[in-house]
Amino acid sequence: MTKTSSAVLIIAVLAAGLAGCDHGTPSAAPSASSNRQQLLALGQQWVQCLRDKGLTRMPDAELSQDGYLQFPAGDYNWKDDLRKHQAIINACQSIEDSYPPNAFRPKEQFSADDLRKLAAYADCVRKHGIPDFPDPNAAGEFDVTGTSLANGIPGSLRDKADQACHTVWDGSVKITGGSGGKK
């Protein structure tokens, strides 16, 4: 055997040997689908805990089309109901604490332009019958705490203002710090 053919043979044997090595890495990484199914199972476990502790109307956990955990409730406001039951929250907290950081859709982020439009919307609402309507906070929410609106905004006034101001801002309007009235 010549020197060249010996070198080729050694390289071929080494290459074949290395091809069979896994270098300590797992043979198959878990799929995104299996991670999402685990997330859904965790969500269902949390819902069952809440139901077992008395929040019987809690909706089933679902995954959104984007793969985020959600609890669609229709007309039932489970978040408000849950806030009234701190003992239930505490009893199921360990399950909630085990959610991964990306379990839920990130909260809506408002750009500087969006916040400017929301401020203009607030100004428009004030000019159209709701003089105590506040400016938005940095999260794009309208906090009515401490205003005459804290107990709610009459639907007819809100409808009139919404109709007059929808060209200024046609996105969602989140009111905090009170019953919020309509929307």
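The protein chain has an accessible surface of about 12,000 Å², and 54% of it belongs to carbon and sulfur atoms (Shrake-Rupley method, 1.4 Å probe; for residues, only the protein chains shown count as cover). The model is predicted, so local features need pLDDT of at least 70 and side-chain atom pairs count only at pLDDT 80 or more, while totals for chains, interfaces and linings use all residues. Residues are numbered from 1 along each chain as its sequence is written, and side-chain values use heavy atoms, with hydrogens and water left out.

**Exercise 1. Describe the make-up of the protein chain.**

Step 1. Count the elements: the chain has seven helices and four strands (DSSP runs, H or I of at least four residues for helices and E of at least two for strands, numbered from the N terminus).

Step 2. Read their order from the N terminus: α-α-β-β-α-α-α-α-β-α-β.

Step 3. Take the buried share: 28% of the 183 residues are buried (under 20% relative accessible area; exposed is over 50%, partly exposed in between, with a 1.4 Å probe and protein chains only).

Step 4. Look at the contacts (heavy atoms within 4.5 Å). Among those between residues at least 6 apart in sequence, 56% join residues at least 24 apart.

**Exercise 2. Find the salt bridge of Arg-83 and place it in its helix.**

Step 1. The structure holds nine salt bridges (a side-chain nitrogen of Lys or Arg within 4 Å of a carboxyl oxygen of Asp or Glu).

Step 2. The partner of Arg-83 is Asp-80, with the closest N and O atoms 2.5 Å apart.

Step 3. Both residues lie in helix H3 (residues 78-83), and because they are three residues apart, about one helical turn separates them. An α-helix has 3.6 residues a turn, so residues three or four places apart point the same way.

Step 4. Arg-83 is exposed, at 57% relative accessibility, whereas Asp-80 is partly exposed, at 35%.

**Exercise 3. Examine the salt bridges of Asp-113 and Arg-126.**

Step 1. Asp-113 pairs with Arg-116 at 2.8 Å, N to O. The two are three residues apart in helix H6 (residues 112-127), which means about one helical turn lies between them.

Step 2. Arg-126 pairs with Asp-135, where the closest N and O atoms are 3.1 Å apart. Arg-126 is partly exposed, with a relative accessible area of 25%, and Asp-135 is also partly exposed, at 46%.

Step 3. Widen the view: a network of salt bridges links Asp-123, Arg-126, Lys-127 and Asp-135.

**Exercise 4. Identify the buried side of helix H7 and what covers it.**

Step 1. In H7 (residues 155-165), the buried residues are Arg-158, Ala-161, Asp-162 and Cys-165.

Step 2. They cover an arc of only 100 degrees around the axis, so they sit on the same side of H7 (the arc is that of the directions from the helix axis to the C-beta atoms).

Step 3. The face turned away from this side carries exposed Ser-156 and Gln-163.

Step 4. The cover over the buried residues includes H6 and strand E4 (174-176).

**Exercise 5. Trace the largest nonpolar core.**

Step 1. This core has 21 residues, and those with the most contacts inside it are Trp-46, Leu-50, Met-58, Phe-71, Leu-82 and Tyr-99 (buried Ala, Val, Leu, Ile, Met, Phe, Trp, Tyr and Cys residues joined through side-chain atoms within 4.5 Å).

Step 2. Helix H2 (32-52), H3 and helix H4 (86-91) are the elements that give two or more residues to this core. H2 supplies the largest share, seven residues.

Step 3. Apart from this core lies another, of 17 residues, among them Ala-122, Cys-124, Val-144 and Ala-161.
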